[in-house]
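Subject: Handing over a structure, with notes on its charged side chains

Dear colleague,

I am passing on the structure below, and I would be glad if you kept it open beside this message while you read.

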Amino acid sequence: MKKKLKAFAALAATLVMVISFSGCGDFDAATYVEGTLDACKTGTVSDELADISAESKEEIQEDIDEIYSTMADEMIDVFGDECVTDKTESLCEEYSKAFMNTMKYEVSDDCEEKDGTYHVKVTAYPLDLSEFMDHMGGDFRNQWTEKVAGYSTQDEFLSAFYEAYMQEFVDYLKDTENLKYGESQEYTVKVSEDKDGYYEMDEEDLTNLLGALFAEDQLPEE
């Protein structure tokens with residue numbers, strides 16, 4: 001799971017990086033950072049973000065949809081095509097959207113500019129999945145271990161197990177009022193102008209921020 005969250009953080013960073021500011025008019029780095037993170041979180045593009053972006057609203061939405069689809073494919077690859085039902089595929093798509101929607105952050109309006117580079121302060125609240133993963137590796141797995149004898153083949157059992165596994169995960173992530181978060185962490189995301197006059201966020205800063213939001217350090221390697 002930790003490896004998968006690292007992959008998700010990298011994919012999310014890729015999504016954020018494709019949204020650049022055109023550099024026309026007054027530039028508000030904090031608005032750019034917050035609007036882009038919001039698009040990553042909700043899967044939708046606001047009119048405000050589209051207005052300041054170098055890409056059209058439709059182009060940004062296509063990028064978002066593609067990244068979400070890739071995240072779903074990453075989960076399907078873990079299970080293996082032979083044991084993935086149509087319902088499991090649908091749940092993997094729901095999972096990718098629900099997981100991204102757990103992102104919790106605050107972007108400060110207090111932005112510092114140094115030598116043409118903007119330093120935007122972001123407070124990240126890491127999602128704490130440790131208790132839920134203990135449940136999945138304990139009670140949930142034990143319940144399904146007892147059901148093995150009720151299936152005629154291993155593939156039949158795995159297909160049912162994967163459906164139940166993803167349903168449990170999706171239901172948990174969608175219950176946003178009961179999600180748990182760790183202590184807040186402060187990050188700085190640098191925004192600078194490239195050679196073509198477009199403003200972009202620093203990729204390393206983004207990867208570190210998103211890795212914290214996904215709380216990858218709280219989970220086991222597998």
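What follows is an account of the charged side chains, first those that pair and then those that form a patch.

Please keep in mind throughout that this is a predicted model. Side chains of opposite charge can pair when their charged atoms come close. Taking a side-chain nitrogen of Lys or Arg within 4 Å of a carboxyl oxygen of Asp or Glu as the cut-off, the count comes to five salt bridges, and I describe some of them here.

One of them joins the side chains of E94 and K174, with a distance of 2.6 Å from N to O. This pair links distant parts of the chain, since E94 belongs to helix α5 (residues 86–100) and K174 to helix α7 (residues 154–174), and the two are 80 residues apart. As for how much of each residue is accessible, E94 has a relative accessibility of 29% and counts as partly exposed, and K174, at 48%, also counts as partly exposed.

A further salt bridge is found between K190 and D205, whose closest N and O atoms are 3.0 Å apart. Because K190 sits in strand β4 (residues 185–193) and D205 in helix α8 (residues 203–213), this pair ties together parts that are 15 residues apart in sequence. Are the two partners buried or exposed, or something in between? K190 is partly exposed, at 31% relative accessibility, whereas D205, at 11%, counts as buried, because buried means under 20%.

The side chains of K114 and E112 also meet in a salt bridge, here with 3.8 Å from N to O, a value that is within the 4 Å cut-off. K114 is partly exposed, with a relative accessible area of 42%, and E112 is partly exposed as well, at 41%.

Turning from pairs to a patch, you will find a negative one on the surface, formed by D73, D77, D81, E82, D86, E89, E93 and D155. Which helices each supply at least two residues of this negative patch? They are α4 (57–79) and α5, and the largest share, three residues, comes from α5. D81, which is one of the patch residues, is found in the loop between α4 and α5. The relative accessible area of D81 is 61%, so this residue counts as exposed, the cut-off being over 50%.

With best wishes

Technical notes: Residues numbered from 1 in each chain as written. Predicted model: local features only at pLDDT ≥ 70, side-chain atom pairs only at ≥ 80, totals over all residues. Heavy atoms only, no water. Helix = DSSP H or I, 4+ residues; strand = E, 2+ residues; numbered from the N terminus. Buried < 20%, exposed > 50% of the residue type's maximum accessible area, 1.4 Å probe, protein only. Patch = residues over 30% accessible without salt bridge, like charges linked within 9 Å, V, L, I, M, F, W, Y side chains within 5 Å. Areas by Shrake-Rupley, 256 points an atom, 1.4 Å probe, with all protein chains shown as cover. Lys, Arg positive; Asp, Glu negative; His and termini not counted. Charge placed at Lys NZ, Arg CZ, Asp CG, Glu CD.
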